[in-house]
Amino acid sequence: PFPPKKRGGGEKKGGGEGGRDNSRVVKCRGLPWTASEDDLKDFFAGSKISKDGIYLVVNHAGRASGEAYVKFASTEDAAQALKKDRETMKSRYVEVFASDESSMEDARGGGGGGGGARGQGIGGGPLRELARHTRRHRRSGGAGSGRGSGGRLRECAT
């Protein structure tokens, strides 16, 4: 009686999903734990990164997760950055995926809390799945409206 649900395949290399072909944002995975803003600038040398365009993802304990989002000045710069996929940084190969600004904002701590009987929920982002299994990672989300409590990214000024 209902049409089958569409299943998302996650992020795909080279864009093609949800308007990511024209996005200026890429997601990096597999970064060394010690990767810094300057390391990412060096890695993407030749492509202009937007002001405040580097976000290093951290886990609930504030430690580097090995992921980052980078926003470029133009779609051409982002397309150039995608060519760096599987190149190495400090002896680790780095995967570079097309992404979008909403994914970057979700990882940055947006997305709002889920509310609940005691007004508890988790903000948007990569810990949402973990919180389903581990109650100790819950963060206050107010009454389920507005932005979540965030705190999972370390911002780097460019």
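**Group meeting: a walk through the aromatic cluster and its surroundings**

Phe-43 and Phe-44 are both buried. I start with these two residues, and I should say at once that this is a predicted model.

The rings of Phe-43 and Phe-44 make an edge-to-face aromatic pair, 5.0 Å from centre to centre and with 80 degrees between the planes. Phe-44 has a further pairing, with Phe-72: the centres are 5.3 Å apart and the planes stand at 85 degrees, so this pair is edge-to-face too. What does the pair of Phe-44 and Phe-72 tie together? Phe-44 sits in the loop between helix 1, residues 37–43, and strand 2, while Phe-72 belongs to strand 3, so the pair links parts that are 28 residues apart in sequence.

The structure holds two aromatic pairs, and Phe-43, Phe-44 and Phe-72 form one aromatic cluster. Is Phe-72 buried or exposed? Phe-72 has a relative accessibility of 0%, so it counts as buried. For Phe-44 the relative accessible area is 1%, and that residue is buried as well. There is also a charged residue here: Lys-84 lies over the face of Phe-43, at 5.3 Å from the ring centre.

Now the wider setting of Phe-44. Neighbours within four places in sequence aside, Phe-44 is in contact with Val-26, Cys-28, Ile-49, Val-70, Phe-72, Ala-81, Lys-84 and Val-96. In soluble globular proteins, nonpolar side chains tend to be buried together. Here the largest nonpolar core has 18 residues, and those with the most contacts inside it include Phe-44, Phe-72, Val-70 and Leu-40. Which elements each supply at least two residues of this core? They are strand 1, helix 1, strand 2, strand 3, helix 2 and strand 5. A second, separate core has six residues, among them Val-25, Val-57, Met-104 and Ala-107.

Next, the strands. Strand 2 and strand 3, residues 64–72, pair in the antiparallel sense over five bridges. One residue to look for is Ile-54, whose bridge partner in strand 3 is Val-70. The hairpin of these strands has five residues between them, and Gly-62 takes a positive phi near 85 degrees there. Why is strand 2 largely enclosed by the rest of the structure? Because eight of its 10 residues are buried.

Strand 2 also holds Asp-52. The phi of Asp-52 is near 55 degrees, a positive value in a residue other than glycine. Asp-52 is partly exposed, with a relative accessible area of 34%.

On to helix 2. The buried residues of helix 2 are Asp-77, Ala-78 and Ala-81. Around the axis they cover an arc of only 100 degrees, which puts them on the same side of helix 2. An α-helix has 3.6 residues a turn, so residues three or four places apart point the same way. The cover over the buried residues of helix 2 includes strand 1, strand 3 and strand 5, the last at residues 92–98.

After helix 2, residues 75–82, a loop leads to strand 4, and Arg-86 lies in that loop. Arg-86 is not a glycine, yet its phi is positive, at about 70 degrees. With a relative accessible area of 45%, Arg-86 is partly exposed.

To close, back to the start: Phe-43, Phe-44 and Phe-72 make up one aromatic cluster, and Phe-44 and Phe-72 are among the residues with the most contacts inside the largest nonpolar core.

Definitions and conventions: Residues are numbered from 1 along each chain as its sequence is written. Side-chain values use heavy atoms; hydrogens and water are left out. Helices (H or I, at least four residues) and strands (E, at least two) are DSSP runs, numbered from the N terminus. Buried means under 20% relative accessible area, exposed over 50%, partly exposed in between (1.4 Å probe, protein chains only). Two strands pair if DSSP finds at least two bridges between them. The arc is that of the directions from the helix axis to the C-beta atoms. Contact means heavy atoms within 4.5 Å. Rings of Phe, Tyr and Trp (its six-membered ring) pair if their centres lie within 6.5 Å; planes under 30 degrees apart count as stacked, over 60 as edge-to-face and the rest as tilted. A charge sits over a ring if NZ of Lys or CZ of Arg is within 6 Å of the ring centre and within 35 degrees of the ring normal. A nonpolar core is a set of buried Ala, Val, Leu, Ile, Met, Phe, Trp, Tyr and Cys residues joined through side-chain atoms within 4.5 Å.
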